Amino acid sequence: SSVENGRSPDPADWAVIDVVNYFRTAGFEEQANAFQEQEIDGKSLLLMTRNDVLTGLSLKLGPALKIYEYHIKPLQTQHLKYNS
């Protein structure tokens, strides 16, 4: 399998640090730490709902919405395509 930026293209294979680095690279430096604190790995990330992101990570609402809509949701879609 190909590896982008040291990460597997399928988020299910990501470790916690891969998730953290993904959000740091995406410009969510501050919020990335919440994923580390909550020990969100790729499998957990793929299970997250909008509500988990908005309430479970103690993030500000604006960044939390962007993280979910522009990153987590597309990753979940990508994972489904990758594994169908």
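**Exercise 1. In this predicted model, determine which residues of helix H2 are buried and how they are placed around the axis of H2.**

Step 1. Helix H2 spans residues 29-37, and its buried residues are Gln31, Ala32, Ala34 and Phe35.

Step 2. These four cover an arc of only 150° around the axis, which means that they lie on the same side of H2.

Step 3. Turning to the other side of H2, one finds Glu30 and Glu37, and both are exposed.

Step 4. The cover over the buried residues of H2 includes helix H1 (16-25), helix H3 (42-47) and helix H5.

Step 5. The backbone just after H2 deserves a look as well, for glutamate 39 takes a positive phi of about 55° there.

**Exercise 2. Decide whether glutamine 31 is buried or exposed, and state which residues it contacts.**

Step 1. Glutamine 31 belongs to helix H2, where it is listed among the buried residues together with Ala32, Ala34 and Phe35.

Step 2. The relative accessibility of glutamine 31 is 11%, and because buried means under 20%, this residue counts as buried.

Step 3. Once its neighbours within four places in sequence are left aside, glutamine 31 is in contact with Leu59, Pro63 and Ile67.

**Exercise 3. Identify the residues that touch the most other members of the largest nonpolar core, and find which helix gives the most to this core.**

Step 1. As background, nonpolar side chains in soluble globular proteins tend to be buried together.

Step 2. The largest nonpolar core holds 20 residues, of which Phe23, Phe35, Leu45 and Ile72 touch the most other members.

Step 3. At least two residues of this core come from each of H1, H2 and H5, and H5 gives the most, with five residues.

Step 4. Leucine 45 can be followed further: not counting residues up to four places away in sequence, leucine 45 touches Trp14, Val19, Phe23, Phe35, Ile40, Ile72, Leu75 and Gln76. Among these partners are Phe23, Phe35 and Ile72, which are named with Leu45 as the residues touching the most other core members.

**Exercise 4. Count the salt bridges, and work out which residues are linked in a network.**

Step 1. Side chains of opposite charge can pair when their charged atoms come close. With a cut-off of 4 Å between the side-chain nitrogen and the carboxyl oxygen, the count comes to three salt bridges.

Step 2. One of them joins the side chains of glutamate 29 and arginine 24, at 3.3 Å from N to O. Both residues are partly exposed, glutamate 29 at 48% relative accessibility and arginine 24 at 28%.

Step 3. Glutamate 69 pairs with arginine 50 at 3.9 Å, again N to O. Because glutamate 69 lies in helix H5 (residues 61-82) and arginine 50 in helix H4 (residues 50-56), the pair ties together parts that are 19 residues apart in sequence. Arginine 50 is partly exposed, with a relative accessible area of 42%, and glutamate 69 likewise counts as partly exposed, at 31%.

Step 4. Glutamate 69 also meets lysine 73 in a salt bridge, with an N to O distance of 3.0 Å. These two residues are four residues apart in helix H5, so they are separated by about one helical turn. Lysine 73, at 36% relative accessibility, is partly exposed too.

Step 5. Since glutamate 69 takes part in a bridge with arginine 50 and in another with lysine 73, Arg50, Glu69 and Lys73 are linked in a network of salt bridges.

**Exercise 5. Describe the elements of the chain, how compact the chain is, and where the recorded domain falls.**

Step 1. The chain contains five helices and zero strands, and from the N terminus on its elements run α-α-α-α-α.

Step 2. The radius of gyration is 12 Å, close to the 12 Å that the globule rule gives for 84 residues, so the chain is as compact as a globular protein of that length. Taken along the principal axes, the C-alpha atoms fill a box of roughly 35 × 25 × 20 Å.

Step 3. Buried residues make up 40% of the 84 residues. Among contacts with a separation of 6 or more, 49% come from residues 24 or more positions apart.

Step 4. UniProt, in an unreviewed entry, places the feature "domain: SAM" at residues 14-62. Over that range the chain is 69% helix and 0% strand, and the end C-alpha atoms are 25 Å apart.

Methods
Residues numbered from 1 in each chain as written. Predicted model: local features only at pLDDT ≥ 70, side-chain atom pairs only at ≥ 80, totals over all residues. Heavy atoms only, no water. Buried < 20%, exposed > 50% of the residue type's maximum accessible area, 1.4 Å probe, protein only. Arc of directions from axis to C-beta. Contact = heavy atoms within 4.5 Å. Core = buried A, V, L, I, M, F, W, Y, C linked by side-chain atoms within 4.5 Å. UniProt positions renumbered as here; feature names shortened; annotations may be inferred. Rg over C-alpha atoms; globule rule 2.2 N^0.38 Å.
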